[in-house]
Amino acid sequence: MLLDSWIFWSVLAAVMQSVRTAGQKYLSEAVSPLGATLVRYLFAAPFVVLYILWLLDNRTSPLPELNDTFLIAGFAAGVLQIIATVLLLRLFALRNFAVGSCYIRTEVLATAVLGLLLFGEHVSGVGWVAMLICVIGLGMITIAKSGRLEELWNMSAVYGLAAGLSLSLTSLFIRQASLSFGMDDAMFTAALTLGYMILIQTAICLVFLIFQNAGELQVILQKWRASLFVGVTSLLGSIGWFTAFTLERAAYVKTIGQIEFLITLAISILFFKEEPNRPEWVGMVILVVGVVVLLLAP
């Protein structure tokens, strides 16, 4: 069944993330990184409530009881995702964005290593090879898009590594929170985790923004169309990520999710008529090979 496939949810998440990032980058020109981060959660909150209610309407079994693992892991994931989002938006503002992006792509391997060390999530030998191939392909695409990377270590690299590490831990904590219920219903437990996290994230970002610059709330409301777009696409992407993390190891989901790069390049080719150069084509081929190898991994 399609809804039981972690690959389907991973692809959905990658598509929505590429669209949401474009909208969030547009908003970051008018509001602070914290304001753009708040938009992601605040405008998604009403829709996640509707999503959970829709899932509840189709359920006959009783609701699961909250547990300490869910509460702690969900809270940690929520805070780490805020940190990662702010770091990414700060990265957008720097000239050496390509450098930071290259470092962010180490997230795939970091998720596998941290998953093994912290949660005992074993990855097969073929899986490790596939992830390494994908990282190499992504690195080639990033370098090709920037021409050449003259500085391999600067503030962009710091932001990129920190964001990648935060995203890795976020993925692993989301999986732990959702699995803590011990239920064979990935969509529902993922939705509960998502709703809990968005509640925490909205409250944290709202409090910080009120203390830092309360007037920015008015700017956010004035740009309600862009804010709503970011909120809805963010929610759809999160539903994809959370459900996929519940169904499969986070490292594998993250690897499939890197096809976001291919989607972005496809948009550039089809809509903006930007022809990729030879290194980009080579990087795309390597990335596809890595994804295929992962799908064949045990």
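Trainee: How many of the residues of α2 are buried?
Mentor: Good place to start, and keep in mind that this is a predicted model. Helix α2 is mostly covered. The buried residues run through L34, G35, A36, T37, L38, V39, R40 and Y41. Out of the 10 residues of α2, the buried count is 8.

Trainee: What is the mean pLDDT of the chain?
Mentor: Confidence varies along the chain, being lowest in helix α5 (residues 97-104), at a mean of 60, and highest in α9, at 94. Where pLDDT is low, the coordinates should not be read in detail. In the chain, 85% of the residues reach 70 or more, and the mean pLDDT is 82.

Trainee: How many helices and strands does the chain have?
Mentor: Follow the chain along its sequence and you meet the pattern α-α-α-α-α-α-α-α-α-α-α-α-α-α. The count for the chain is therefore 14 helices and 0 strands.

Trainee: What share of the residues in the chain is buried?
Mentor: Let us look at the whole chain now, which has 298 residues. A residue counts as buried when its relative accessible area is under 20%. By that cut-off, the buried share is 50%.

Trainee: Which elements give two or more residues to the lining of the largest cavity?
Mentor: The structure holds 2 cavities of 30 Å³ or more, and the largest has a volume of about 60 Å³. Its lining is made by R40, Y41, A44, Q81, L194, M197, I198, Q201, S234, L235, S238 and F242. By class, these are 7 nonpolar, 4 polar and 1 charged residues. The elements that give two or more of them are α2 (33-42), α9 (186-213) and α11 (224-247).

Trainee: Which element gives the most to the lining of the second largest cavity?
Mentor: This cavity holds about 40 Å³ of space, and Q17, R20, R40, T233, S234, G237, S238 and W241 line it. Its lining divides into 1 nonpolar, 5 polar and 2 charged residues. Both α1 (6-27) and α11 supply at least two of the lining residues. With 5 residues, the element that gives the most is α11.

Trainee: What span does α11 reach from its first C-alpha to its last?
Mentor: Helix α11 is mostly covered, with 17 of its 24 residues buried. At 1.5 Å a residue, a span of 34 Å is expected for this helix. The model comes close to that, since the reach from the first C-alpha to the last is 34 Å.

Trainee: Why does S168 count as buried?
Mentor: You will find S168 in helix α8 (residues 155-179). Leaving aside neighbours within four places in sequence, S168 is in contact with E107, A110, T111 and L114. The cut-off for buried is under 20% relative accessible area. S168 counts as buried because its relative accessibility is 0%.

Trainee: Is K254 buried or exposed?
Mentor: K254 lies in helix α12 (residues 250-257). Not counting residues up to four places away in sequence, K254 touches E107, V108, T111, L167, S171 and F245. Because its relative accessibility is 8%, K254 counts as buried.

Trainee: What percentage of the contacts between residues at least 6 apart in sequence join residues at least 24 apart?
Mentor: The contacts of K254 include E107, and those of S168 include E107 as well. For the chain, take the contacts between residues at least 6 apart in sequence. Those that join residues at least 24 apart make up 87%.

Key:
Residues are numbered from 1 along each chain as its sequence is written. This is a predicted model: local features need pLDDT of at least 70, side-chain atom pairs count only at pLDDT 80 or more; totals for chains, interfaces and linings use all residues. Side-chain values use heavy atoms; hydrogens and water are left out. On a 1 Å grid over the protein atoms alone, a cavity is a set of points where a 1.4 Å probe fits but cannot get out, and a pocket is an open set with protein on both sides within 12 Å along at least five of seven lines; lining residues have an atom within 4 Å of a point. Grid points are joined across faces, edges and corners, and a volume is the space filled by probe spheres set on the points. Helices (H or I, at least four residues) and strands (E, at least two) are DSSP runs, numbered from the N terminus. Ala, Val, Leu, Ile, Met, Phe, Trp, Tyr, Cys and Pro count as nonpolar, Asp, Glu, Lys and Arg as charged, and the others, Gly among them, as polar. Buried means under 20% relative accessible area, exposed over 50%, partly exposed in between (1.4 Å probe, protein chains only). pLDDT is the predictor's confidence in each residue, from 0 to 100. The expected span of a helix is 1.5 Å times one less than its number of residues. Contact means heavy atoms within 4.5 Å.
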